[in-house]
Amino acid sequence: MNLIVMKDYKEMSRQAALLIAASIALKPNLVLGLPTGKTPLLMYKELVIIYQNGFVDFTNVTTFNLDEYAGIGRDDRNSFYRYMQDNLFRHININNKNIHIPDGTARDLKEECRRYEEAIRKFGPIDLMILGIGHNGHIGFNEPSDEFIAETHIERLTSKTRRAYAKYFGSISKVPTKAITMGLGTIMMSRKIILIASGRDKAEVIRRAFKGNITPKCPASILRLHQDCTFLIDRDAASLIDK
Ligand code: PGA
(Lines give C-alpha, C1' and ligand atoms only; values in the text may rest on other atoms or scores of the structure.)
Protein backbone atom coordinates (compact mmCIF):
# COMPACT_ATOMS: atom_id res chain seq x y z
CA MET A 1 0.00 0.00 0.00
CA ASN A 2 1.34 3.44 -0.90
CA LEU A 3 0.87 6.49 1.25
CA ILE A 4 0.93 10.10 0.09
CA VAL A 5 0.38 12.71 2.80
CA MET A 6 -0.51 16.21 1.65
CA LYS A 7 -0.44 19.37 3.75
CA ASP A 8 -4.20 19.90 3.90
CA TYR A 9 -7.57 19.21 2.29
CA LYS A 10 -6.95 21.66 -0.53
CA GLU A 11 -3.60 20.13 -1.53
CA MET A 12 -5.01 16.62 -1.27
CA SER A 13 -7.95 17.54 -3.49
CA ARG A 14 -5.76 19.21 -6.09
CA GLN A 15 -3.39 16.23 -6.16
CA ALA A 16 -6.30 13.80 -6.62
CA ALA A 17 -7.74 15.91 -9.46
CA LEU A 18 -4.32 16.09 -11.15
CA LEU A 19 -3.95 12.32 -10.88
CA ILE A 20 -7.32 11.81 -12.56
CA ALA A 21 -6.48 14.29 -15.33
CA ALA A 22 -3.06 12.71 -15.88
CA SER A 23 -4.63 9.25 -16.08
CA ILE A 24 -7.06 10.49 -18.75
CA ALA A 25 -4.18 12.10 -20.68
CA LEU A 26 -2.39 8.75 -20.70
CA LYS A 27 -5.55 6.78 -21.54
CA PRO A 28 -8.30 8.92 -23.11
CA ASN A 29 -10.85 6.10 -22.83
CA LEU A 30 -10.19 5.63 -19.11
CA VAL A 31 -12.77 3.74 -17.04
CA LEU A 32 -13.06 5.77 -13.87
CA GLY A 33 -14.71 4.75 -10.59
CA LEU A 34 -16.10 7.66 -8.58
CA PRO A 35 -17.22 8.36 -5.01
CA THR A 36 -19.67 10.84 -3.50
CA GLY A 37 -19.70 12.44 -0.04
CA LYS A 38 -18.12 15.54 1.44
CA THR A 39 -14.48 14.59 0.87
CA PRO A 40 -14.44 14.54 -2.97
CA LEU A 41 -16.23 17.89 -3.35
CA LEU A 42 -13.08 19.97 -3.76
CA MET A 43 -11.43 17.29 -5.91
CA TYR A 44 -14.35 17.62 -8.34
CA LYS A 45 -14.07 21.43 -8.25
CA GLU A 46 -10.38 21.21 -9.08
CA LEU A 47 -11.09 18.74 -11.87
CA VAL A 48 -13.66 21.12 -13.37
CA ILE A 49 -11.04 23.90 -13.27
CA ILE A 50 -8.50 21.67 -15.03
CA TYR A 51 -11.18 20.94 -17.66
CA GLN A 52 -12.07 24.62 -18.07
CA ASN A 53 -8.41 25.37 -18.67
CA GLY A 54 -8.43 22.87 -21.52
CA PHE A 55 -6.14 20.28 -19.96
CA VAL A 56 -8.50 17.30 -19.87
CA ASP A 57 -11.01 15.86 -22.32
CA PHE A 58 -13.76 13.54 -21.03
CA THR A 59 -15.20 12.65 -24.46
CA ASN A 60 -14.16 9.02 -24.27
CA VAL A 61 -14.10 8.55 -20.50
CA THR A 62 -16.52 6.06 -18.92
CA THR A 63 -17.51 6.44 -15.26
CA PHE A 64 -18.98 4.07 -12.70
CA ASN A 65 -20.18 5.46 -9.40
CA LEU A 66 -19.78 3.38 -6.30
CA ASP A 67 -23.30 3.51 -4.97
CA GLU A 68 -26.80 4.95 -4.78
CA TYR A 69 -29.52 4.99 -2.12
CA ALA A 70 -32.37 2.54 -2.54
CA GLY A 71 -35.68 4.29 -3.12
CA ILE A 72 -34.17 7.65 -4.04
CA GLY A 73 -34.85 8.85 -7.59
CA ARG A 74 -32.39 10.62 -9.86
CA ASP A 75 -34.09 13.97 -9.41
CA ASP A 76 -34.13 13.81 -5.64
CA ARG A 77 -31.76 16.41 -4.28
CA ASN A 78 -30.10 13.76 -2.12
CA SER A 79 -29.49 11.26 -4.90
CA PHE A 80 -25.91 10.52 -5.82
CA TYR A 81 -26.97 10.95 -9.44
CA ARG A 82 -27.87 14.56 -8.69
CA TYR A 83 -24.68 15.03 -6.65
CA MET A 84 -22.60 13.89 -9.61
CA GLN A 85 -24.47 16.11 -12.06
CA ASP A 86 -24.18 19.14 -9.79
CA ASN A 87 -20.56 18.68 -8.79
CA LEU A 88 -18.98 17.25 -11.93
CA PHE A 89 -20.88 15.94 -14.92
CA ARG A 90 -22.77 19.02 -16.04
CA HIS A 91 -19.57 21.10 -15.91
CA ILE A 92 -17.51 18.84 -18.20
CA ASN A 93 -17.80 17.31 -21.67
CA ILE A 94 -18.59 13.78 -20.56
CA ASN A 95 -20.91 11.80 -22.79
CA ASN A 96 -24.14 11.00 -20.91
CA LYS A 97 -24.19 7.47 -22.24
CA ASN A 98 -20.80 6.85 -20.60
CA ILE A 99 -22.10 7.67 -17.11
CA HIS A 100 -23.10 4.75 -14.91
CA ILE A 101 -24.81 5.06 -11.53
CA PRO A 102 -27.03 2.35 -10.01
CA ASP A 103 -30.76 3.07 -10.26
CA GLY A 104 -32.06 3.19 -6.69
CA THR A 105 -35.65 3.19 -7.90
CA ALA A 106 -35.42 0.08 -10.07
CA ARG A 107 -38.46 -2.17 -9.53
CA ASP A 108 -36.25 -5.17 -8.88
CA LEU A 109 -33.20 -3.98 -6.96
CA LYS A 110 -31.50 -7.38 -7.10
CA GLU A 111 -31.81 -7.37 -10.87
CA GLU A 112 -30.42 -3.82 -10.91
CA CYS A 113 -27.38 -5.04 -8.95
CA ARG A 114 -26.85 -7.81 -11.52
CA ARG A 115 -27.22 -5.34 -14.39
CA TYR A 116 -24.70 -2.95 -12.81
CA GLU A 117 -22.18 -5.69 -12.15
CA GLU A 118 -22.49 -6.87 -15.74
CA ALA A 119 -21.96 -3.34 -17.06
CA ILE A 120 -18.77 -2.99 -15.01
CA ARG A 121 -17.56 -6.30 -16.39
CA LYS A 122 -18.40 -5.26 -19.94
CA PHE A 123 -16.55 -1.92 -19.80
CA GLY A 124 -14.11 -2.74 -17.06
CA PRO A 125 -12.08 -3.53 -15.22
CA ILE A 126 -12.08 -0.04 -13.78
CA ASP A 127 -8.73 1.61 -14.59
CA LEU A 128 -8.75 4.11 -11.76
CA MET A 129 -11.01 3.83 -8.73
CA ILE A 130 -11.28 6.82 -6.40
CA LEU A 131 -12.64 6.02 -2.94
CA GLY A 132 -13.66 7.91 0.16
CA ILE A 133 -13.83 6.19 3.54
CA GLY A 134 -16.56 6.29 6.18
CA HIS A 135 -15.79 6.69 9.88
CA ASN A 136 -16.67 3.02 10.31
CA GLY A 137 -14.27 1.92 7.55
CA HIS A 138 -16.86 1.54 4.81
CA ILE A 139 -15.87 2.04 1.18
CA GLY A 140 -18.73 2.63 -1.20
CA PHE A 141 -21.54 1.49 1.07
CA ASN A 142 -19.77 -1.73 2.05
CA GLU A 143 -20.49 -1.54 5.75
CA PRO A 144 -18.58 -3.41 8.50
CA SER A 145 -19.69 -7.02 8.38
CA ASP A 146 -18.69 -10.62 9.07
CA GLU A 147 -17.72 -11.18 5.45
CA PHE A 148 -16.34 -9.36 2.45
CA ILE A 149 -19.08 -9.21 -0.18
CA ALA A 150 -17.65 -9.37 -3.68
CA GLU A 151 -20.24 -8.11 -6.15
CA THR A 152 -22.70 -5.24 -6.47
CA HIS A 153 -25.38 -5.81 -3.85
CA ILE A 154 -28.00 -4.24 -1.62
CA GLU A 155 -26.52 -3.11 1.67
CA ARG A 156 -28.39 -2.27 4.86
CA LEU A 157 -26.94 1.00 6.15
CA THR A 158 -25.66 1.05 9.73
CA SER A 159 -27.08 3.56 12.18
CA LYS A 160 -23.65 5.25 12.27
CA THR A 161 -23.77 5.81 8.53
CA ARG A 162 -27.41 6.96 8.63
CA ARG A 163 -26.53 9.39 11.42
CA ALA A 164 -23.65 10.79 9.35
CA TYR A 165 -26.01 11.37 6.42
CA ALA A 166 -28.89 12.81 8.49
CA LYS A 167 -27.58 16.33 7.88
CA TYR A 168 -28.43 15.99 4.19
CA PHE A 169 -31.92 14.57 4.75
CA GLY A 170 -32.98 16.78 7.67
CA SER A 171 -33.38 13.89 10.10
CA ILE A 172 -32.10 10.35 10.52
CA SER A 173 -35.57 8.89 9.97
CA LYS A 174 -35.55 10.25 6.42
CA VAL A 175 -32.21 8.64 5.53
CA PRO A 176 -32.81 5.51 3.41
CA THR A 177 -32.14 2.24 5.21
CA LYS A 178 -30.62 0.53 2.18
CA ALA A 179 -28.36 1.30 -0.74
CA ILE A 180 -26.97 -0.38 -3.83
CA THR A 181 -23.19 -0.56 -3.68
CA MET A 182 -20.39 -1.90 -5.78
CA GLY A 183 -18.94 -4.87 -3.90
CA LEU A 184 -15.44 -5.20 -2.53
CA GLY A 185 -14.37 -7.80 -5.10
CA THR A 186 -15.36 -5.48 -7.95
CA ILE A 187 -13.54 -2.58 -6.30
CA MET A 188 -10.47 -4.78 -5.79
CA MET A 189 -10.44 -5.73 -9.48
CA SER A 190 -9.71 -2.09 -10.36
CA ARG A 191 -6.26 -1.62 -11.87
CA LYS A 192 -5.40 1.30 -9.62
CA ILE A 193 -7.10 2.54 -6.46
CA ILE A 194 -6.74 5.89 -4.71
CA LEU A 195 -8.44 6.47 -1.37
CA ILE A 196 -8.81 10.07 -0.25
CA ALA A 197 -9.46 11.19 3.32
CA SER A 198 -9.10 14.45 5.19
CA GLY A 199 -9.38 15.68 8.76
CA ARG A 200 -8.68 14.54 12.28
CA ASP A 201 -12.04 12.82 12.52
CA LYS A 202 -10.82 10.30 9.89
CA ALA A 203 -7.45 9.66 11.59
CA GLU A 204 -8.57 6.67 13.66
CA VAL A 205 -10.25 4.85 10.79
CA ILE A 206 -7.25 5.55 8.54
CA ARG A 207 -4.99 4.02 11.19
CA ARG A 208 -7.22 0.95 11.39
CA ALA A 209 -7.41 0.56 7.61
CA PHE A 210 -3.69 1.15 7.13
CA LYS A 211 -2.26 -0.77 10.06
CA GLY A 212 -4.96 -2.76 11.81
CA ASN A 213 -6.13 -6.29 11.02
CA ILE A 214 -7.39 -7.01 7.53
CA THR A 215 -10.98 -7.75 8.41
CA PRO A 216 -14.51 -7.18 7.07
CA LYS A 217 -15.13 -5.31 10.33
CA CYS A 218 -13.09 -2.56 8.66
CA PRO A 219 -13.88 -3.04 4.95
CA ALA A 220 -11.21 -0.56 3.78
CA SER A 221 -8.52 -2.80 5.30
CA ILE A 222 -8.92 -5.18 2.34
CA LEU A 223 -7.24 -2.54 0.19
CA ARG A 224 -3.91 -3.58 1.70
CA LEU A 225 -4.15 -6.73 -0.44
CA HIS A 226 -4.33 -4.67 -3.64
CA GLN A 227 -1.20 -4.37 -5.74
CA ASP A 228 -1.63 -0.69 -6.62
CA CYS A 229 -3.55 1.14 -3.93
CA THR A 230 -2.58 4.56 -2.58
CA PHE A 231 -3.95 6.40 0.42
CA LEU A 232 -3.82 10.05 -0.64
CA ILE A 233 -4.68 11.83 2.59
CA ASP A 234 -3.97 15.03 4.44
CA ARG A 235 -1.76 15.42 7.53
CA ASP A 236 -4.68 15.40 9.92
CA ALA A 237 -6.06 12.14 8.55
CA ALA A 238 -2.55 10.63 8.69
CA SER A 239 -1.88 11.81 12.23
CA LEU A 240 -2.44 8.45 13.99
CA ILE A 241 -0.72 6.15 11.49
CA ASP A 242 2.57 6.07 13.43
CA LYS A 243 0.99 5.85 16.85
P1 PGA B 1 -17.49 11.76 3.59
O2 PGA B 1 -18.00 10.28 3.30
O3 PGA B 1 -16.55 12.10 2.49
O4 PGA B 1 -18.74 12.58 3.54
O5 PGA B 1 -16.83 11.73 4.92
C6 PGA B 1 -17.09 9.30 2.98
C7 PGA B 1 -17.81 7.98 2.89
O8 PGA B 1 -18.75 7.76 3.66
O9 PGA B 1 -17.41 7.17 2.06
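Reading the ligand site and the cysteines

Modeller: In this predicted model, an N or O atom in the side chain of K202 lies 2.6 Å from an oxygen atom of the ligand.

Colleague: How much of the ligand's area does the protein bury?

Modeller: The protein buries 87% of the 280 Å² that the ligand exposes when taken alone.

Colleague: Which other residues make polar contacts of that kind with a ligand oxygen?

Modeller: A polar contact is a pair of N or O atoms within 3.5 Å. Among them here, the side chain of H138 places an N or O atom 2.6 Å from a ligand oxygen. For K38 the partner is a polar backbone atom, 2.8 Å from an oxygen of the ligand.

Colleague: Which residues are around the ligand, and what is the make-up of that shell by class?

Modeller: Around the ligand are G37, K38 and T39, then G132, I133 and G134, and also H138, Y165 and K202. The shell divides into five polar, two nonpolar and two charged residues.

Colleague: Where does the ligand sit?

Modeller: The largest pocket holds the ligand.

Colleague: Turning to the cysteines, how many disulfides does the structure hold?

Modeller: A disulfide needs two cysteine sulfur atoms within 2.5 Å. The count here is zero.

Colleague: Why is C229 without a bond to C218?

Modeller: The sulfur of C218 is the closest cysteine sulfur to that of C229, but at 12 Å the two are too far apart for a bond.

Colleague: Are C229 and C113 buried or exposed?

Modeller: Buried means under 20% relative accessible area. C229 is buried because its relative accessible area is 1%. C113, at 4% relative accessibility, also counts as buried.

Definitions and conventions: Residues numbered from 1 in each chain as written. Predicted model: local features only at pLDDT ≥ 70, side-chain atom pairs only at ≥ 80, totals over all residues. Heavy atoms only, no water. Near = heavy atom within 4 Å. Polar contact = N/O pair within 3.5 Å; in protein donor to acceptor, adjacent residues only side chain to side chain. Areas by Shrake-Rupley, 256 points an atom, 1.4 Å probe, with all protein chains shown as cover. 1 Å grid on protein atoms, 1.4 Å probe; cavity = no way out; pocket = protein on both sides within 12 Å on 5 of 7 lines; lining within 4 Å. Sits in = over half its atoms within 2 Å of the grid points. Nonpolar A, V, L, I, M, F, W, Y, C, P; charged D, E, K, R; others polar. Buried < 20%, exposed > 50% of the residue type's maximum accessible area, 1.4 Å probe, protein only.
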